[in-house]
There are 2 protein chains.
Amino acid sequence: MNKADVVVIGGGPAGIEAAYNLARDNHKVVLVEKEKEIFGHMQTAYTLFPNFQDASEIRSSLLQKTKHGNITLYNNSEVTQVSRENDFWRVQTINGLDFIAPAVLLASGFKTFDARYKEELGYGIYKGVITSVEFEEMLKVGKIQTANGEKPRRIAFLNCVGSRDEKVGNHYCSRVCCINAVKLSIEAKKQLPEVEAYCFYMDIRMSGQFYEELYRKSQEDFDVNYIRGRISEVAPTIDNRLQVKCEDTLSQTPLKMTVDLLVLMIGIEASEGTARIGEQVGVNGEYNFSKSISLHTADNKTKHQGFFLAGTCKRPLTVPETMADARAAALEIDLYLKSLSQ
Amino acid sequence: MNKADVVVIGGGPAGIEAAYNLARDNHKVVLVEKEKEIFGHMQTAYTLFPNFQDASEIRSSLLQKTKHGNITLYNNSEVTQVSRENDFWRVQTINGLDFIAPAVLLASGFKTFDARYKEELGYGIYKGVITSVEFEEMLKVGKIQTANGEKPRRIAFLNCVGSRDEKVGNHYCSRVCCINAVKLSIEAKKQLPEVEAYCFYMDIRMSGQFYEELYRKSQEDFDVNYIRGRISEVAPTIDNRLQVKCEDTLSQTPLKMTVDLLVLMIGIEASEGTARIGEQVGVNGEYNFSKSISLHTADNKTKHQGFFLAGTCKRPLTVPETMADARAAALEIDLYLKSLSQ
């Protein structure tokens, strides 16, 4: 067993931001990441809403932070077991690492909804149906195209895929999809000015700073169209396009539209690591998100001394919210460690 | 001039949470509050969404935190001037206090929209038209009543008063009103089970954890009604009630309704202190909210060394978001102060 001051589980934005700030505070931090690459979902991001900052800048900044002398980063190190041993936490990984530390930070994040569960939307069946993550990757390489390699004439973005959906068991809103769809539609129009962009939504949830303005800008400057309604069915057309069917709930009329790409704005769920470790430690809450001891006054602490939470393992959050929460967690851990040595 | 390590401007949740955590980290903190009482807008809160925690518990917790030995709290001390003097910040107040410190935290918060600017809604004209803050005060004393002291038969809650409104110059969404209206309508039904409650909204923005569930619960367990539409006109009836006029944008039909109380969900604006100090220091952004140096990577820092931001002086935020942001700011300040002494 190797000793550390803190083991941070998860090398995404939350884990790195917390690890870095603990390291700056002279704590020895072990940062374990299950994947080969760090960054979590930031890995696939092209730009960030609402200011279109290049996600590669964030990745560079995060990478730099992991290089702090007090951080030891272990990739390919999925955590298999977290347990309490006397006054310490023991963290074991799939590749045989074994750490003991007075404090653990769970920053194991989220996973995206598996769109195949919404069979009627045709993901995995029709090639023109892709996820928001896949569309972001197209933007990254500057190649928005259909399965046949053609430029799409019309793209539809469908919100609430796996969110606010009783049928798939997720009643909650994933918080980031509406504004992300606005961002993606603007980016699409920047790369392909001729393309027609349609966003389908249930309620347009622009409740962050500059979101409302961006939503407006997407309409005024980029001609993005918004339709209040949920797509109920997708079918292929004879000429390799897709026909989508929905009800426009504002005009209360059924609507059919032919598109070349249907981008599913897939929701946020607790990652498998979040669910598994939360279960082991006993901090699982609703939908397997991890539960802090008090939302309003101690949202980085759990019922267990020395076991802390940061970021989207708790709930869907935006990047700035995640980063602030990670710094908040680092502060709590720093003060906790100091209290032990007094 | 008196010396401190940090001057925290604003004795609301953000200022107190940051001051407390800096104090725990052995920094000498001066906390200045312009009002006689601390707590900011938490002062008037009854319960907090989404878990209906009693706001008095939060106030007790915050009050306790201000009593830390490293914090000196000054009430009735509105800040009049913040200026840079060599490597220090100088903070002067209306009551003659004069501090010098290497770091300042601006936590000067928000003010609520003045509903009189929406003349067509009759606030300040008809007694049955009140603000969400006034309704919260009624809940606090357990007396929901009309101006004549009668139990209301029907209450309407109107969202987006001063938000998403070009006419009053506020394009942005205030983030907290939709869920707060859900909370208020449930509290109303708890205190007056016979009352009819109607919420008017433009989009129902339930994008926080447990918001969607609460919205659903309000309908299923408390019979709260939701109407998608904005009230355009309010007029008194012969029997001392109010007739409200709107268009139901889902059925696209005009609608008139008689109510006893119309509760205006007033939006969030930068407080006067936020605007004035931001102007003096040069950190004012859109709508006079204060601007950090980087939303995604340094959201508590400004372009000025030693001048930090926390909470709703930056943008509309919920209580948990504010508290996390305050801890994040405390961490940044702690590390900044340490860097100076190295």
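1. In this predicted model, a good place to begin is a pair of facing residues in chain B, where Val234(B) has Val244(B), in strand 17 of chain B, as its bridge partner. The two strands concerned, strand 16 and strand 17 (residues 242-248) of chain B, run antiparallel and are joined by 5 bridges. They belong to an open sheet of 3 strands, which has the order 16-17-18 in chain B and antiparallel pairing. At its edges stand strand 16 (231-236) and strand 18 (253-259) of chain B, each of which pairs on one side only, and from one strand to the next the twist averages 20°.

2. A second sheet, this one in chain A, is also open, and its 5 strands follow the order 12-19-13-14-15 with parallel pairing. Its edge strands are strand 12 (129-131) and strand 15 (225-228) of chain A, each pairing on one side only, while the twist from one strand to the next averages 25°. As a general matter, the strands of a sheet pair through backbone hydrogen bonds, either parallel or antiparallel.

3. Within that sheet, strand 13 (residues 154-161) and strand 19 (residues 261-266) of chain A run parallel and are joined by 5 bridges. A reader who wishes to find this pairing in the structure may look for Leu158(A), which stands opposite Leu264(A) in strand 19 of chain A. Helix 4 (residues 177-191) of chain A lies across strand 13, strand 14 (196-201), strand 15 and strand 19 of chain A, and it runs at about 170° to strand 13 of chain A.

4. The loop between strand 13 and helix 4 of chain A holds Arg175(A), a residue other than glycine whose phi nonetheless has a positive value, near 75°. Most residues other than glycine have a negative phi, and most peptide bonds are trans. On the second of these points, the peptide bond from Phe49(A) to Pro50(A) is cis, with omega near -5°, and Pro50(A) has its place in the loop between strand 4 (47-48) and strand 5 (53-54) of chain A. In chain B a cis peptide bond likewise joins Phe49(B) and Pro50(B), with omega about -5°, and Pro50(B) lies in the loop between strand 4 (47-48) and strand 5 (53-54) of chain B.

5. How are the two chains related? Chain A is superposed on chain B by a rotation of 180° with 0.0 Å of shift along its axis, and the RMSD is 0.0 Å. The two copies are thus related as by a two-fold rotation axis, and in chain A the C-alpha nearest this axis is that of Ala328(A), at 2.2 Å from it. Of the interface residues of chain A, 100% are also interface residues in chain B, so the copies meet through the same surface.

6. Turning to enclosed space, one may recall that rolling a probe the size of a water molecule over the atoms shows where empty space is left. In this model there are 6 cavities of 30 Å³ or more, and the largest cavity holds about 500 Å³ of space. It is lined by 35 residues, of which the closest to its centre are Arg175(A), Glu321(A), Arg175(B), Leu317(B) and Glu321(B). The elements that give two or more residues to this lining are helix 7 (319-340) of chain A and helix 7 (319-340) of chain B. By class, the lining of the largest cavity divides into 16 nonpolar, 7 polar and 12 charged residues.

7. The second largest cavity holds about 110 Å³ of space. Which residues that line the second largest cavity are the closest to its centre? Among its 13 lining residues, these are Arg175(A), Ser207(A), Arg175(B), Ser207(B) and Glu321(B). The lining of the second largest cavity has 2 nonpolar, 5 polar and 6 charged residues. Arg175(A), described above for its positive phi, is thus named among the residues closest to the centre of the largest cavity and also among those closest to the centre of the second largest cavity.

Terms used. Residues are numbered from 1 along each chain as its sequence is written. Chains are lettered from A and ligands numbered from 1 in the order in which they are written. This is a predicted model: local features need pLDDT of at least 70, side-chain atom pairs count only at pLDDT 80 or more; totals for chains, interfaces and linings use all residues. Side-chain values use heavy atoms; hydrogens and water are left out. On a 1 Å grid over the protein atoms alone, a cavity is a set of points where a 1.4 Å probe fits but cannot get out, and a pocket is an open set with protein on both sides within 12 Å along at least five of seven lines; lining residues have an atom within 4 Å of a point. Grid points are joined across faces, edges and corners, and a volume is the space filled by probe spheres set on the points. Helices (H or I, at least four residues) and strands (E, at least two) are DSSP runs, numbered from the N terminus. Ala, Val, Leu, Ile, Met, Phe, Trp, Tyr, Cys and Pro count as nonpolar, Asp, Glu, Lys and Arg as charged, and the others, Gly among them, as polar. Two strands pair if DSSP finds at least two bridges between them. Axes are lines fitted to C-alpha atoms, for helices over the stretch in contact, and angles run from 0 to 180 degrees between N-to-C directions. Copies are superposed by least squares on the C-alpha atoms of residues with pLDDT of at least 70 in both. Contact means heavy atoms within 4.5 Å.
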